[in-house]
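The exercises below concern one protein structure. Work each task from the coordinates before reading its solution.

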Amino acid sequence: MVMTSTSRNLPDRAYVTGSDPRPWWLRLGEERVIVNTGCPEPDCDPARLRPYDVYCPNHDRPLPFAVPDDPKPRRGRQIAVNLLRAAVCGAFSLTAQTADGLPIAVLSALTGAAVLGLPLRHYPVGRAVALAIWTTVCALTTVAALTGPPVHQVLGTVVLAVVVLAWLGRFGGTAGRAADRRARTSRMGPGRSRRHAAQRATGPIAAAIVSVPMALLTALVLAHGPSGWVLRLPVVQRWLYIAAIGGFAGALLVALVAGALDGVGLIRTDVWQARLPHRPHRLSFAVRDRRWRSRRPRDFADRITVLLMTLEYALARAAAGTFAFVLNTLRLTAHGLAKAAVHGFNWLLGQFVLFLRRMRMSVVCAARAMRRAGVECLVTGPRTVRIVLVPVAALLVAGVLLRPVADGTRDYLTTGGFVALVIALGGSLGCLLLWTAGWAALSGEPFGPVRASARRAAESALPQVVMLAAVGGWVVGLPGLFGYGRIRIGWITGGLTLILLATYLRRRAEPEAQSTMESGAQATSERS
């Protein structure tokens, strides 16, 4: 976002840093806002301001709707402020005259919207979500006030289901994006493995893990919650128990599959193998040649004998060759069978060893994935509880307190009872604390600075509220002293008037005492 020269001169200006492509439900609570300008004072330092500050910590001036200082009074602004004050007094007067707490309830709802929207004015997503939740709570409160227990049960069950699904969706989205970011970071690092199935599966595994306690807690609420606000649905409870078991089993299955994919490239492939048998040498048999003698054949018988001996030698050689061939064939066949057996044994042994190694590495990678998912649950779970569950719970309780505030204020205005006053003040204080908890949770900022800003805003707004209550009490209660209205001057108006008078007299006496001390010191110095 580029700031123009005109926007730099305007007070209370801030902008969200960078562009976030994520959907709004993942940007909720993670908006980073930088304050560009502070209050209209020229020496205001924006570095000391926080985007959720309602009053300037430098000059104690209100920041929302601030305009540059002008020597001429802005009549339109003064008229709008006075009309707002008159509307507040009119709501109290109308409540007393009609004996109906509806005007106070409407005023309380609008006050809640202001308390939620003003600190979140620089958080687009947080402001929209806060006002949407508060509007929905006010609508549900109105419907619940006009209907009976059957509608209450449906409303309570629907609200419970929506909140649980919203929390699971936010948790799963946040954990999944965090796992993808870590996988991309590790892939870009030098010397890292190229397999990141377990890292990418961290989000789904964490979501499956947290679904187990959430399903059990939802089933517990449906079984033992207030019967006037939730439906007793045994079928849904059984399915929730099945979902809890399935979530745990699904987490284990995804972890094992991711571990198996990651463990393939992380094992050693060298396996001991048995030696192959040596190839047998070739056998051959030599036949002695006894065909020739030292003398030559002399007659026919000698020549026949030579021929017979030649035939005998040929047959002996043929028999020896045949026997050697058969024997060599048998030996080579046995060698081939032994070699095949050794190869088969080595293959089976290698596959078995690699299978054991893969199983071991898969279990190790799955255990690491489960550990990372557990860490992700511990990191993302509380953050998601703050962003989703805390605002919804706080605003729901604040919506429930609107009825006691309206009824207590009506009873105090019409009867002047002290108990009604305590109920109205206690309910109002509870609503204020719950509204503050709601916007503080949705801002996503650290609770320490947020608490300090809320305390500073309360300290700055308290005198204006006291003044408005005291003056408004006299304005709407003074006619009642003469019998022209139902509102009388009561505890609140009298007590706040005494506080204002005591504060005024004390502050007025301090300058007089200071001037007396200064004059006495001056006279002493003159005599000396």
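**Exercise 1.** Determine how far apart Arg 410 and Asp 407 are along helix H10, and what their side chains form.

Solution. Step 1: Arg 410 and Asp 407 are three residues apart in helix H10, so about one helical turn separates them. Helices here are DSSP runs of H or I with at least four residues, strands are runs of E with at least two, and both are numbered from the N terminus.

Step 2: the closest N and O atoms of the two side chains are 3.7 Å apart, and the pair forms a salt bridge. That term requires a side-chain nitrogen of Lys or Arg within 4 Å of a carboxyl oxygen of Asp or Glu.

Step 3: Arg 403, Asp 407, Arg 410 and Asp 411 are linked in a network of salt bridges.

Step 4: Arg 410 is partly exposed at 22% relative accessible area, and Asp 407 is partly exposed, also with 22%. Buried means under 20%, exposed over 50%, and partly exposed in between, using a 1.4 Å probe and protein chains only.

The model is predicted: local features need pLDDT of at least 70, side-chain atom pairs count only at pLDDT 80 or more, and totals for chains, interfaces and linings use all residues. Residues are numbered from 1 along each chain as its sequence is written, and side-chain values use heavy atoms, with hydrogens and water left out.

**Exercise 2.** Compare the span of H10 with the expected value, then locate its kink.

Solution. Step 1: H10 covers residues 300-415, which is 116 residues. The expected span is 1.5 Å times one less than the number of residues, giving 172 Å for H10.

Step 2: from first C-alpha to last, H10 reaches 165 Å, close to that expectation.

Step 3: a kink of about 35° is centred on Arg 386. The bend at a residue is the angle between axes fitted to the seven residues ending there and the seven starting there.

Step 4: after H10 comes Gly 416, with a positive phi near 75°.

**Exercise 3.** Find how many salt bridges the whole structure has, and describe those of Glu 30 and Asp 53.

Solution. Step 1: the search finds six salt bridges. In one of them, Glu 30 meets Arg 170 at 3.4 Å, N to O.

Step 2: Glu 30 lies in the loop between helix H2 (24-27) and S2, and Arg 170 in helix H6 (residues 149-188), so the pair ties together parts 140 residues apart in sequence. Arg 170 is buried at 4%, whereas Glu 30 is partly exposed at 24%.

Step 3: the side chains of Asp 53 and Arg 456 meet at 2.9 Å, N to O. Asp 53 is in the loop between S2 and H3 and Arg 456 in helix H12 (residues 447-481), 403 residues apart.

Step 4: Asp 53 is buried, with a relative accessible area of 0%; Arg 456 is partly exposed at 24%.

**Exercise 4.** Count the disulfides and explain why Cys 56 has no such bond.

Solution. Step 1: a disulfide is a pair of cysteine sulfur atoms within 2.5 Å. The whole structure has zero.

Step 2: the closest cysteine sulfur to that of Cys 56 belongs to Cys 44, 3.6 Å away, which is too far for a bond.

Step 3: Cys 56 is buried, with 1% relative accessible area.
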